[in-house]
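Work through the exercises below with the sequence and the model in view. Each task is followed by a solution in steps.

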Amino acid sequence: MHDIKALRDNPAAFDANWARRGLPPQTPAILELDEKLRKLQTELQTAQSRRNEASKEIGAVKSKGGDAAELMAEVANLKDRMAILEEQEREVAEKLNEILSALPNMIAGDVPDGADENDNVEIRTFGTPKNPNTEVPDHVAIGEALGLMDFEGAAKVAGARFSVNKGGIAKLHRALGQLMLDTHTMEHGYTEIDPPLLVSTDVMYGTTQLPKFRDDQFETTDGRWLIPTAEVVLTNLVRDEILEGLETPIRMTAMTPSFRKEAGSAGKDTRGIIRQHQFYKVEMVSITRPEDSEAEHLRMLNCAENILKKLELPFRTIVLCSGDMGFASRKTYDIEVWIPSQQKFREISSCSNCGDIQSRRMKARFKRAGAKDTEFVHTLNGSGLAVGRTLVAVMENYYDPADGGIFVPKALLPYMGGVTKIVKAA
RNA sequence: GGGCAGGUGGCAGAGUGGUUGAAUGCGCUAGUCUCGAAAACUAGUAUGGGUGCAAGCCCAUCGGGGGUUCGAAUCCCCCUCUGCCCGCCA
């Protein structure tokens, strides 16, 4: 949710910021509703105040055996009026909330302006793309040739956009997850969390999946939602909390399946496991004080990059431009890994600083030592990494054209039980 | 799924229709005392919102929502969560 007081003080700044995302001016409608709402609230509260007062008087009069009929009549009138005001207040508040909850976060000042992904800015690269000119089969061809990926089986049991990994590839996938979790927990200071995969509507609202992105989500028949990312659960663990101090950021990581309808991406990435309804992802979430979130953002980005460095996979890091950013984000870095079969970099991680938009919705606050007032925390999330896409990158970058096998990256050897290369199933 | 018992401030725990936003204890903060500390004593110590330059005033909140009443933490209904018993089950 947005800071309505700040918006009141400086509506032009809000409109200018939303314009960077290509939105027309929003504040005139908001301010009009806000003014209407406060007027109603003031009138309602005046009536409530009088009712409370009169009720006390009634109690006093009655306890002395007097006649309170006149006062009771006054209260009856007030109640009629209050019922009307309450109804109006509810309607206006709902309307205002509807508008505000559908508006994206303010973009940070140092984010480059731009219309779409073509305007994103590369900030660094790592490694050199292998096989720059030779044709490498894609992960589907590699996996099927090895007999270790079964897309027909997946389609048979679940439909399109699902996959079945077998044997060495399934193990490789699991090893990747292990490496990521171990690195984040033992080297990067994150606490491992094993969370629910189904969450309530309030929780989905808290991290802004709802109300705007309902069509992307799987809803259960009992009113719960399958998480589209572990960000949703991890971040909401601090909802309704008033944290003490928060001098050190809270850092959580989890490996969970992520479920997405991919409603708007028909025809995109239909081959293979790049874009699926279900995929494993290791997620990092940090909760910080406002003044710490920028540094934490860079730290988190480094944690994600570190995984790719360990795997010795070429990648580049970009800053998303204003027009390509997600709804909740103030600033987003994407990491893109080299995919040989496509001869291009593809997104494998996205690290976002969400500022206080989620914490306002979740009522996640902290209190400084000795301070009287609470403040909203900042929330950050980043993939560290998308495990399925990392598997694709490993398969293609470690492909051995000599026999169609896949070398196991050094960093994964401890997790592979002595296997150094994935070869055709016996 | 069935039954029983509960959800009160940071914590523990009173309170069953009327100046109770809420006793008491603990914790926490400040002050007094002390060379300093402890102890003791004194004072303060919820969240959100409206209004105001401000001090302040006002409204709401005792798991959530609705109802009864002049008035609800207290009565009624629904939901939810926790504990225990039974059933079922990875």
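**Exercise 1: The surface near the RNA**

The residues of the surface near RNA strand B divide into four nonpolar, nine polar and nine charged. The classes are these: Ala, Val, Leu, Ile, Met, Phe, Trp, Tyr, Cys and Pro are nonpolar, Asp, Glu, Lys and Arg are charged, and the others, Gly among them, are polar. This is a predicted model, in which local features need pLDDT of at least 70 and side-chain atom pairs count only at pLDDT 80 or more, while totals for chains, interfaces and linings use all residues. Residues are numbered from 1 along each chain as its sequence is written, chains are lettered from A and ligands numbered from 1 in the order in which they are written, and side-chain values use heavy atoms, with hydrogens and water left out.

Task: Describe how the protein meets RNA strand B.

Solution.
Step 1. Collect the residues near the strand, meaning those with a heavy atom within 4 Å of it. There are 22 residues around RNA strand B, and the closest are Thr 42, Gln 48, Ser 55, Lys 367 and Thr 374.
Step 2. Sort the strand's own atoms. Of those within 4 Å of the protein, 78% belong to sugar or phosphate and the rest to bases.
Step 3. Look at single atom pairs. In the side chain of Thr 42, an N or O atom is 2.8 Å from a sugar or linking oxygen of RNA strand B. Arg 365 has a polar side-chain atom 3.0 Å from a sugar or linking oxygen of the strand, and Gln 45 has one 3.1 Å from a base nitrogen.
Step 4. Assign the surface to elements. Two or more residues each come from helix 1 (4-9), helix 3 (27-63), helix 4 (69-101) and strand 11 (365-367). Helices (H or I, at least four residues) and strands (E, at least two) are DSSP runs numbered from the N terminus. Helix 3 gives the most, 12 residues.

**Exercise 2: The second largest pocket**

Task: Which element supplies the largest share of the lining of the second largest pocket?

Solution.
Step 1. Fix the term. On a 1 Å grid over the protein atoms alone, a pocket is an open set of points where a 1.4 Å probe fits, with protein on both sides within 12 Å along at least five of seven lines; lining residues have an atom within 4 Å of a point.
Step 2. List the lining: Met 1, His 2, Ile 4, Arg 8, Asp 34, Leu 37, Ala 93, Leu 96, Asn 97 and Leu 100.
Step 3. Match residues to elements. Helix 1, helix 3 and helix 4 each supply at least two, and helix 4 has the largest share with four residues.
Step 4. Classify the lining: six nonpolar, two polar and two charged residues.

**Exercise 3: Two lysines in strands**

Task: Are Lys 281 and Lys 331 buried or exposed, and what do their side chains meet?

Solution.
Step 1. Place them. Lys 281 is in strand 7 (residues 278-288), and Lys 331 is in strand 9 (residues 331-339).
Step 2. Apply the cut-offs: buried is under 20% relative accessible area, exposed over 50%, and partly exposed in between (1.4 Å probe, protein chains only). Lys 281 counts as buried because its relative accessibility is 5%; Lys 331, at 14%, is also buried.
Step 3. Find polar contacts, which are pairs of N or O atoms within 3.5 Å; within protein, one must be able to donate a hydrogen and the other to accept it, and residues adjacent in sequence count only if both atoms are side-chain atoms. The side chain of Lys 281 makes such contacts with the side chains of Thr 229 (2.8 Å) and Glu 283 (2.7 Å). The side chain of Lys 331 pairs with that of Asp 110 at 2.8 Å.

**Exercise 4: Unusual backbone angles**

Task: Where are the cis peptide bonds between Leu 210 and Pro 211 and between Gly 384 and Leu 385?

Solution.
Step 1. For Leu 210 and Pro 211, omega is about 5°. Pro 211 lies in the loop between helix 8 (201-206) and strand 4 (225-226).
Step 2. For Gly 384 and Leu 385, omega is about 10°. Leu 385 belongs to strand 13 (residues 378-386).
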